[in-house]
Amino acid sequence: MTSEPLPELADLRDRLLNHPLYPAVNDLPRLQIFMREHVFAVWDFMTLLKRLQQVVTCCNVPWLPKSDPTSARFILEIVLGEECDEDGQGGYASHFDLYLQSMHEVGADAGPIESFVEALSAGGSADAGLKSAAVLDSTQEFVRFTLDVAINGPPHAVAAAFFYGREDVIPDMFSRLIPSLESQGRQVDRLRHYLRRHIELDGDSHGPLAQRLLNRLCGDDPGRRREALEVARLALEHRIRLWDGIRAAIAG
C-alpha cells in the first residue's frame, strides 16, 4: 500500500475523498452523466503514463539502453496492467476499453469521447477536439491541465501528477463509488470489474511503484521536490473541480 499522504496535501485529499459526488451517483441517469464526463479522465491518464514510459524506457528504433532499468521496470509493470489487463472474460483489454464497454453496458453517452479520439486519430489537435466535444467546461479544463503536464512538464512533475493525482487516490475514490453501484437497477458488471481492478492494482501494486518512480526522479533535489508538490496540489485541485462540475450537472 502507499504511504501516508503528505501533510501539505492532506486537506485537498480529504476534500476529494469526501466529495458529495460519490453518494450522489445513485441512479442510472446520474451514473450515465458521470461516466460521460469521467471517461475523459480515464483517457488522459494514459497520456501521463505514456510520457513516463518515454522518459524512463526507450521507445525508439533503433533501441538504445537506458541508464535506470529499475525505473523502466516500475513503469512497464504499470503499462502492462493499464494497457492490456485481464478483461474478466478470458481476454485482455486496456482500462480505457474496459470503461467504454462499461459505458455501453449502462447506456451512457460515449459519443463525445469516441468523436474526440476519432479526431485525434485523424490528426486533429486535442484542444480542438475538446472544444467540439459535448462535455462540461470543467472536464475540458481537467484534460487540458493533464495534457500540459504530460507534454511540457519535467519528468518529476509528470510523476507527481501521476502518483498524487491518480494512483495514490484512485483506490479510495473508486471504493466510494462501489456502494452506489449496488443500488443500480441495471447490469453494471463491466463497470464493477473496472473499478475493482483499479482498486486492487493501484492499491497493491501500481501506487507503490508510481511512488518509487517519483522518488527516483526527484532524488535528493529539494527544487524537484518543491515542484512535484506544487504539481500534486494542482492535480488534486483540478480533480475536485472535475467532481464539482459533474456534481452540479447531475443535480440538474
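**Note on cysteines, core and helix packing**

1. The count of disulfides (pairs of cysteine sulfur atoms within 2.5 Å) comes to zero. The sulfur of Cys 59 lies 6.8 Å from the closest cysteine sulfur, that of Cys 58, which is too far for a bond.

2. This is a predicted model: local features need pLDDT of at least 70, side-chain atom pairs count only at pLDDT 80 or more, and totals for chains, interfaces and linings use all residues. Residues are numbered from 1 along each chain as its sequence is written, and side-chain values use heavy atoms, with hydrogens and water left out.

3. Cys 218 is buried at 3% relative accessible area, while Cys 59 is partly exposed at 46%. Buried means under 20%, exposed over 50%, and partly exposed in between (1.4 Å probe, protein chains only).

4. The largest nonpolar core (buried Ala, Val, Leu, Ile, Met, Phe, Trp, Tyr and Cys residues joined through side-chain atoms within 4.5 Å) has 82 residues; Phe 34, Met 35, Phe 40, Tyr 99, Ile 113, Met 173 and Trp 243 touch the most other members. Helix 3 (residues 28–56) gives this core its largest share, 14 residues. Helices are DSSP runs of H or I, at least four residues, numbered from the N terminus.

5. Beyond neighbours within four places in sequence, Ile 113 is in contact (heavy atoms within 4.5 Å) with Val 39, Phe 40, Trp 43, Phe 96 and Leu 100.

6. Leu 214 sits in helix 11 (residues 189–218) and counts as buried at 3% relative accessibility. Not counting residues up to four places away in sequence, Leu 214 touches His 156, Ala 159, Ala 160, Phe 163, Tyr 164 and Ala 228.

Definitions and conventions: Helix = DSSP H or I, 4+ residues; strand = E, 2+ residues; numbered from the N terminus.
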